[in-house]
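User: I would like to learn how to read the packing of a protein model, starting from contacts and ending at the surface. Could you take me through it step by step?

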Amino acid sequence: MDMIPQLGWQWPRFELQWFPTNLQQVLHKQMAKNEEELTAKHSQKLLELEQASAQEMQNLVHLNIEYFMQPRPSSQPPTLFISIFRCLYQSQFTNFQFPQPQNPPPSSTPNFFALCYKILGALANRELHQLTNALIDWLASKCEWLGQDSAPTQGHDEYDLPHILKILNDMLFSHQFLSVDRLLFSIAIHPTDDQSNKTLLCMLAALLESKFSQLPERLHACYTFAPSHSQTTSSNSEEFFMQMVEYYKKYPEYSLAELYRRSLNPQAQQQQQEIVHNLPAYYGHLAERICPIVDILLQKAISMDLKPAVMDTLLCHFSPIYRIHRKFIF
């Protein structure tokens with residue numbers, strides 16, 4: 001049993017409690033032996049993300065569309081969401097302005113947001129998931145103290161939690177660079193070590209409690225009109241769809257192509273929005289879409305030693321989802 005190669009790398013520590021005692025001992029021993037090497041590799045990966053993102057940021061703020069339209073080498077880390085996050089983070093400071101290009105761009109060159117939408121719109125779903133995974137890896141490194149018992153020391157890092165949550169909310173809802181279900185899915189399945197899992201669940205709870213966050217408001221708006229699973233056969237479908245239209249009128253969700261057009265001519269698009277109702281191509285609502293992901297998140301949260309306040313927050317905001325779902329998946 002001592003010769004099981006690399007098996008301990010395949011399981012988070014919190015899942016080992018379900019293994020036989022002898023196997024637990026072997027796996028814990030193997031994981032401890034390789035922990036230093038794994039930490040070094042992870043630190044190197046984060047350093048590469050930072051370096052690649054710094055170069056990408058320069059091309060973003062200078063609207064260098066040619067840089068993003070050329071084929072990307074497979075060895076280049078997926079840092080676009082990190083770069084966008086860092087640009088937005090810096091832009092919130094007083095008197096900040098994005099640097100202007102050294103050579104004035106032609107009139108067809110989009111602005112910063114249009115450029116981001118154009119780049120993201122050209123990517124496949126797999127690439128968008130890779131970008132999201134890289135972003136949450138990076139965020140976990142910036143908020144690693146969240147999963148620990150002590151608060152960060154003064155000057156712990158250049159990024160502070162309230163501003164991180166504000167920018168994350170802006171990326172999800174104000175600018176819609178990132179979808180809620182994709183972010184939650186990455187949090188649910190991507191991290192494979194205990195500390196990252198704990199950090200990201202704590203960050204999710206902080207986002208739900210943040211004064212900047214629109215996620216609780218949208219979730220609870222869905223809870224008000226979505227019929228209970230026990231009433232789906234007898235509910236008034238016409239009333240339900242009318243309420244869903246009102247929901248999307250208040251909380252519109254656009255495709256990347258629509259966002260690109262809106263960023264080029266915001267006033268014209270705003271006038272059109274007042275006339276035409278917007279419904280997503282795959283219409284449903286937020287609570288319905290994230291239900292299977294919430295199952296995984298709550299299962300992971302229950303298995304970990306989270307603070308009671310964190311669990312209370314997750315259950316308070318996510319447990320009403322099961323009123324509209326037939327049963328627990330896990």
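Analyst: We begin with the term itself: two residues are in contact when they have heavy atoms within 4.5 Å of each other. The model here is predicted, and in it Leu 314, once its neighbours within four places in sequence are left aside, is in contact with Leu 201, Leu 204, Ala 205, Leu 208, Leu 298, Ala 301, Leu 306 and Ser 319.

User: Which residues have the most contacts inside the largest nonpolar core?

Analyst: A nonpolar core joins buried residues of nonpolar kinds through their side-chain atoms. The largest one has 91 residues, and those with the most contacts inside it are Leu 60, Phe 81, Ile 84, Phe 85 and Leu 314. Across the protein chain, buried residues make up 45% of the 330 residues.

User: How many helices and strands does the protein chain have, and what share of the contacts with a separation of 6 or more comes from residues 24 or more positions apart?

Analyst: The secondary structure comes to 14 helices and zero strands, while residues 24 or more positions apart account for 77% of those contacts in the protein chain.

User: Where is Ile 296 placed, and why is it called partly exposed?

Analyst: Ile 296 lies in helix 13, which covers residues 286–303. Partly exposed is the class between 20% and 50% relative accessible area, and Ile 296 is placed there because its relative accessible area is 32%. Together with Phe 185 and Ile 189, Ile 296 forms a nonpolar patch on the surface, with about 230 Å² of accessible area for the three together. For the protein chain, the accessible surface comes to about 18,300 Å², of which 53% belongs to carbon and sulfur atoms.

Technical notes: Residues are numbered from 1 along each chain as its sequence is written. This is a predicted model: local features need pLDDT of at least 70, side-chain atom pairs count only at pLDDT 80 or more; totals for chains, interfaces and linings use all residues. Side-chain values use heavy atoms; hydrogens and water are left out. A nonpolar core is a set of buried Ala, Val, Leu, Ile, Met, Phe, Trp, Tyr and Cys residues joined through side-chain atoms within 4.5 Å. Buried means under 20% relative accessible area, exposed over 50%, partly exposed in between (1.4 Å probe, protein chains only). Helices (H or I, at least four residues) and strands (E, at least two) are DSSP runs, numbered from the N terminus. Accessible areas come from the Shrake-Rupley method with a 1.4 Å probe; for residues, only the protein chains shown count as cover. Patches are made of residues with over 30% relative accessible area and no salt bridge: like charges are joined within 9 Å, nonpolar side chains (Val, Leu, Ile, Met, Phe, Trp, Tyr) within 5 Å. A salt bridge is a side-chain nitrogen of Lys or Arg within 4 Å of a carboxyl oxygen of Asp or Glu.
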